[in-house]
Amino acid sequence: MKIVVQKYGGSSVADKERMLQVMEKVAAAKDRGMDVVVVLSAMGRKPAPYATDSLINLMCEGAGKDICLRDKDLLMSVGETISCVVFSQLLRDNGYDSVAMTGWQAGIITDNNFSEARILCIDPTQVLRYLEEGKIPVVTGFQGMTVNSDVTTLGRGGSDTTATALGVALDAEEVEIYTDVDGVLAADPRTMKNPRQIPELHYMEAGEMSGEGAKVLHKRCIAPVEQYNVPVWVKSFSGTGRGTRISDEIEKQAFERTRVVTSVVDVPDVAHISVDLIDAADRSLTRLELLRSFKEAEVSLDLINIVREKLYFIVREEQVMDVVGICKDFDLPVQIIHGCAKISCVGIGMKGTPGVMAAIQEALAGAGINILHSTDSHITISVLVKQEHLQLAIDALADKFGLRENG
Ligand code: ADP
Ligand code: MG
């Protein structure tokens, strides 16, 4: 059995016309002799009636603070069910035997972290049975179920993870993620003009990009395929371009140090926080309790740095008040710089290559941009700049590292 998992995002299945384009891609794979499993997102974006945000509104607009997260997941999961049923019928109407399946019918078991659930395991028996019968299973993205039969969702963009996890569970030849861009680009096309399309990405680079917030791939979708080495393609649902292949093939070239920075990821609307622990009786213990309180309040910290008696980090602007409240409870002074943007530079060739930070500094300083904070891991360097410098910074990095098409 040669299985391919094809995932189509919300814009690809927004209406019947686009569904027909999708149908042709699915049919072409089936006609090539592949066993195709389709994973779909909900149809379109708000205000489309069955888009995830429109469904959330039905429950949450005007509701009190006491939103039941379990029920919210049940509601949010409905959009995918609708698109799968509609698409499955379209396949049958065009002569392809098909069956729509929910996440739980496809055997996807998750933890009970509603709205951000993680897949624990997949029992692919039923999907395989349908494939053996010659059917095309059309599986809802984004959905799972706990061992207690509560419906869960995997977090926004989570259909990508449904596809890659299913790809692993089904021992697929490859996973194809179809979206509204030609593949993974060197930056978000909304912040960089004409970004280069990246033909080959290493799992590690794609994992870092998505983890840092590149919207094109869900943050947890690379881990399963990386572990089991299933190649992933990111392609346009409407175009005929080659797209981007994500695999471990790139490793050999990486050592040629040609890929020092392959992409930049921007996250706007964050605030820089510094907490002063100098007057705390036991700084280590206070810091630990403080960090635990942030975790309990589900405040997500990034660019965390401990420098002597200070704790530095960034949070999304909407979480600043939570941070201030918690620090007040600990009687700790806080300094806040509002209106910042994080830019992460990612590239597998960065590993062991000296001078990358110098090159980033040179690009940004050349554009008159001050770096407020930075952190790095082996293939990523993240810098924080003022939001008003974001565009300029992205342009400077694009020029420095040749991230534009023909540039
Ligand atoms: P889908 O509904 O198909 O899952 P998404 O909106 O989740 O689509 O992801 C595709 C979008 O991701 C693109 O339209 C683009 O604006 C954005 N994006 C952000 N960073 C990148 C990048 N590095 N490469 C390609 N697209 C990106
Ligand atoms: Mg997406």
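This is a short walk through one protein model, from overall fold to single residues. The model is a predicted one.

Start with the whole chain. The secondary structure comes to 13 helices and 18 strands. How does the radius of gyration sit against the globule rule? For 407 residues, a compact globule would come out near 22 Å, and the protein has 22 Å, so the two agree. Along the principal axes, the C-alpha atoms fill a box of roughly 70 × 50 × 35 Å.

Now burial and surface. Of the 407 residues, 51% count as buried. The accessible surface is about 18500 Å². Carbon and sulfur atoms hold 49% of that surface.

Next, contacts along the chain. Take the contacts with a separation of 6 or more. Residues 24 or more positions apart make up 74% of them.

Charges, briefly. There are 42 positive and 57 negative charges in the protein. How far apart are their mean positions? The answer is 2 Å.

On to the cysteines. A disulfide is a covalent bond between the sulfur atoms of two cysteines. The cut-off used here is 2.5 Å between the sulfurs. How many disulfides does that rule give? The count is zero. Take C68, which is in no disulfide. The nearest cysteine sulfur to C68 belongs to C60, and that one is 10 Å away. Since its relative accessibility is 34%, C68 counts as partly exposed. Then C327, also in no disulfide. For C327 the nearest cysteine sulfur is that of C340, 16 Å away. Is C327 buried or exposed? C327 is buried, because its relative accessible area is 0%.

Now some backbone geometry. Look at the bond between K46 and P47. That peptide bond is cis, with omega about 15°. P47 sits in the loop that runs between strand 2, residues 35-40, and helix 2, residues 52-60.

Two residues other than glycine have a positive phi worth pointing out here. One is S149, with phi near 70°. S149 is in a loop, with strand 7 (143-145) on one side and strand 8 (151-153) on the other. Its relative accessible area is 47%, so S149 is partly exposed. The other is D269, with phi near 60°. Where is D269 found? D269 belongs to strand 13, residues 263-276. D269 has 43% relative accessibility, so D269 counts as partly exposed.

Stay on strand 13. V265 lies in that strand too. V265 is buried, because its relative accessible area is 3%. What does V265 contact, once neighbours within four places in sequence are set aside? One group is M209, E212, G213 and A214. The list also includes K342, I343 and S344. For a sense of distance, take V265 and L154. They are 111 residues apart in sequence, and their C-alpha atoms are 22 Å apart.

Move to helix 7, residues 203-212. S210 has its place in that helix. Is S210 buried or exposed? With a relative accessible area of 4%, S210 is buried. Leave out residues up to four places away in sequence, and S210 touches L217, H218, K219 and I222. Compare a pair separated along the chain. S210 and L384 are 174 residues apart, and 18 Å separates their C-alpha atoms.

Last stop, helix 1, residues 16-31. M23 is found there. M23 is buried, because its relative accessible area is 6%. Which residues are in contact with M23, leaving aside those within four places in sequence? They are F87, L90, L91 and N94. Then there is the pair M23 and A367. The two are 344 residues apart in sequence. From C-alpha to C-alpha, M23 and A367 are 47 Å apart.

To recap. The fold comes to 13 helices and 18 strands, and 51% of the residues are buried. The disulfide count is zero. K46 and P47 share a cis peptide bond. V265, S210 and M23 are buried. S149 and D269 are partly exposed.

Notes
Residues are numbered from 1 along each chain as its sequence is written. Chains are lettered from A and ligands numbered from 1 in the order in which they are written. This is a predicted model: local features need pLDDT of at least 70, side-chain atom pairs count only at pLDDT 80 or more; totals for chains, interfaces and linings use all residues. Side-chain values use heavy atoms; hydrogens and water are left out. Helices (H or I, at least four residues) and strands (E, at least two) are DSSP runs, numbered from the N terminus. The radius of gyration is taken over C-alpha atoms; the globule rule is 2.2 Å times the number of residues to the power 0.38. Buried means under 20% relative accessible area, exposed over 50%, partly exposed in between (1.4 Å probe, protein chains only). Contact means heavy atoms within 4.5 Å. Accessible areas come from the Shrake-Rupley method with a 1.4 Å probe; for residues, only the protein chains shown count as cover. Lys and Arg count as positive and Asp and Glu as negative; His and the chain ends are not counted. The place of a charge is taken as NZ of Lys, CZ of Arg, CG of Asp or CD of Glu.
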